[in-house]
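Let's take a walk through this fold, going from its interior outwards to a couple of individual residues. Have the structure open and follow along.

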Amino acid sequence: VPEDGRWQVADTGTHIDVVLENMTGKPLALYDSWNSWGYDNVRLEWEAGGAKGTVMPVARAWTKNFPSTTTLPAGGAIVRAVNLNKEWQGWPTLKGGMKLTLRAVYESKEKGPGWQGKVVSEPVTVEVSDLRSTKK
């Protein structure tokens with residue numbers, strides 16, 4: 001969530017950092033997001049004004065692909081960025097003043113060297129601000 005709790009609609013560089021923390025007490029291998037095993041393991045579920053949806057990475061083709069992982073030690077963390085740009089689909093129409101409740105989901109179904117399972121964060125509500133209405 002942005003530090004001040006506000007998103008800026010006109011800022012295409014805006015993103016949410018999803019922090020994946022290993023709370024298992026032992027090393028944990030997570031699939032890397034550059035390959036198909038980990039590419040869409042992070043998603044956001046949103047609610048706004050009674051509507052609901054899911055934000056996921058846009059599907060893509062794979063020219064090089066193998067199941068690499070990053071091992072997190074117990075208590076370790078890794079950050080995955082979720083962008084407001086066209087690399088991620090499923091966003092509602094964002095408007096200034098809009099309240100958006102978000103929940104991060106990490107789910108890995110792939111068999112192999114990486115962790116399998118699903119975890120869901122607690123919901124967080126942010127307010128969207130609109131820089132287009134701000135005079136410079």
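What follows looks at the nonpolar core and then at two residues in strands. Keep in mind that this is a predicted model.

Start with the largest nonpolar core, which has 23 residues. If you want to find your way in, go for the residues with the most contacts inside that core: Val 18, Leu 44, Val 55, Val 82, Trp 91 and Leu 100. As for the strands, β2 (15-21), β3 (28-31), β4 (42-48), β9 (99-108) and β11 (124-129) each chip in at least two residues of this core.

Now click on Val 82. Which residues does Val 82 touch, not counting residues up to four places away in sequence? With those set aside, the list runs through His 15, Ile 16, Val 18, Val 42, Leu 44, Val 55, Trp 88 and Trp 91.

Next, hop over to Leu 20, which sits in strand β2. Is Leu 20 buried or exposed? Its relative accessibility is 10%, so Leu 20 counts as buried, the cut-off being under 20%. Leaving aside neighbours within four places in sequence, Leu 20 is in contact with Leu 30, Val 42, Leu 72, Gly 76, Ala 77, Ile 78, Arg 80 and Tyr 106. Try the C-alpha atoms of Leu 20 and Ala 104 too: they are 84 residues apart along the chain, and 9.7 Å separates them.

Last stop: Thr 71, in strand β6 (residues 69-72). Again leaving out neighbours within four places in sequence, Thr 71 is in contact with Pro 27, Leu 28 and Ala 29. From C-alpha to C-alpha, Thr 71 and Pro 27 are 6.4 Å apart, with their positions 44 residues apart in sequence.

Terms used
Residues numbered from 1 in each chain as written. Predicted model: local features only at pLDDT ≥ 70, side-chain atom pairs only at ≥ 80, totals over all residues. Heavy atoms only, no water. Core = buried A, V, L, I, M, F, W, Y, C linked by side-chain atoms within 4.5 Å. Buried < 20%, exposed > 50% of the residue type's maximum accessible area, 1.4 Å probe, protein only. Helix = DSSP H or I, 4+ residues; strand = E, 2+ residues; numbered from the N terminus. Contact = heavy atoms within 4.5 Å.
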